[in-house]
Amino acid sequence: MAGGHAPGFHPHLPGAGYNFLAKALGASMWFFIFYRARKDGAKLLGDHGFHGHDEGHGNGHH
């Protein structure tokens, strides 16, 4: 054992700038995902907005 180090892989920790950038990009990704889910989530889950649109009109024309 040269130098008294244990064998194996010992990666360096990322710098503070990379750590901040990774957290900022991850947070913005989740913000965008939740924002789009709020806007388009119902349509994605199957509600297309036209269920019951013709209730009470009788003629079916828009």
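This briefing covers the fold, surface and side-chain contacts of one chain. The model is predicted. Its secondary structure consists of one helix and zero strands. Of the 62 residues, 2% count as buried.

**Overall fold and surface**
- The chain has an accessible surface of about 6200 Å². Carbon and sulfur atoms account for 65% of that surface.
- Helix H1 covers residues 16-44.
- At Arg38, H1 bends by about 55°.
- Gly46 follows just after H1 and takes a positive phi of about 115°.

**Annotated span**
- An unreviewed UniProt entry lists residues 16-35 as "transmembrane region". Such annotations may be inferred rather than shown by experiment.
- In the model, residues 16-35 are 100% helix and 0% strand.
- The end C-alpha atoms of this span lie 28 Å apart.

**Nonpolar patch**
- Met29, Trp30, Phe31, Phe32, Ile33, Phe34 and Tyr35 form a nonpolar patch on the surface. Together they offer about 800 Å² of accessible area.
- Phe32, one of the patch residues, lies in H1. Its relative accessible area is 53%. The cut-off for exposed is over 50%, so Phe32 counts as exposed.
- Phe31 also belongs to the patch. At 60% relative accessibility, Phe31 is exposed.
- Tyr35, another patch member, is partly exposed at 39% relative accessibility. That value falls between the 20% and 50% limits, hence the label.

**Aromatic pairs**
- The count of aromatic pairs comes to two.
- One of them joins Phe31 and Tyr35, with ring centres 6.4 Å apart. Their planes stand at 15°, and stacked requires under 30 degrees, so this pair is stacked.
- Phe31 and Tyr35 both sit in H1, four residues apart, or about one turn of the helix.
- An α-helix has 3.6 residues a turn, so residues three or four places apart point the same way.

**Salt bridge**
- The structure holds one salt bridge. Side chains of opposite charge can pair when their charged atoms come close.
- The partners are Asp40 and Arg36, with an N to O distance of 2.5 Å. The cut-off is 4 Å, so the contact qualifies.
- Asp40 and Arg36 are four residues apart in H1, so about one helical turn separates them.
- Asp40 has a relative accessible area of 37% and is partly exposed.
- Arg36 is partly exposed too, at 33% relative accessibility.

Terms used:
Residues numbered from 1 in each chain as written. Predicted model: local features only at pLDDT ≥ 70, side-chain atom pairs only at ≥ 80, totals over all residues. Heavy atoms only, no water. Patch = residues over 30% accessible without salt bridge, like charges linked within 9 Å, V, L, I, M, F, W, Y side chains within 5 Å. Areas by Shrake-Rupley, 256 points an atom, 1.4 Å probe, with all protein chains shown as cover. Salt bridge = Lys/Arg side-chain N within 4 Å of Asp/Glu carboxyl O. Helix = DSSP H or I, 4+ residues; strand = E, 2+ residues; numbered from the N terminus. Buried < 20%, exposed > 50% of the residue type's maximum accessible area, 1.4 Å probe, protein only. Bend = angle between axes of the 7 residues up to and from the residue. Phe/Tyr/Trp six-rings, centres within 6.5 Å; stacked < 30°, edge-to-face > 60°.
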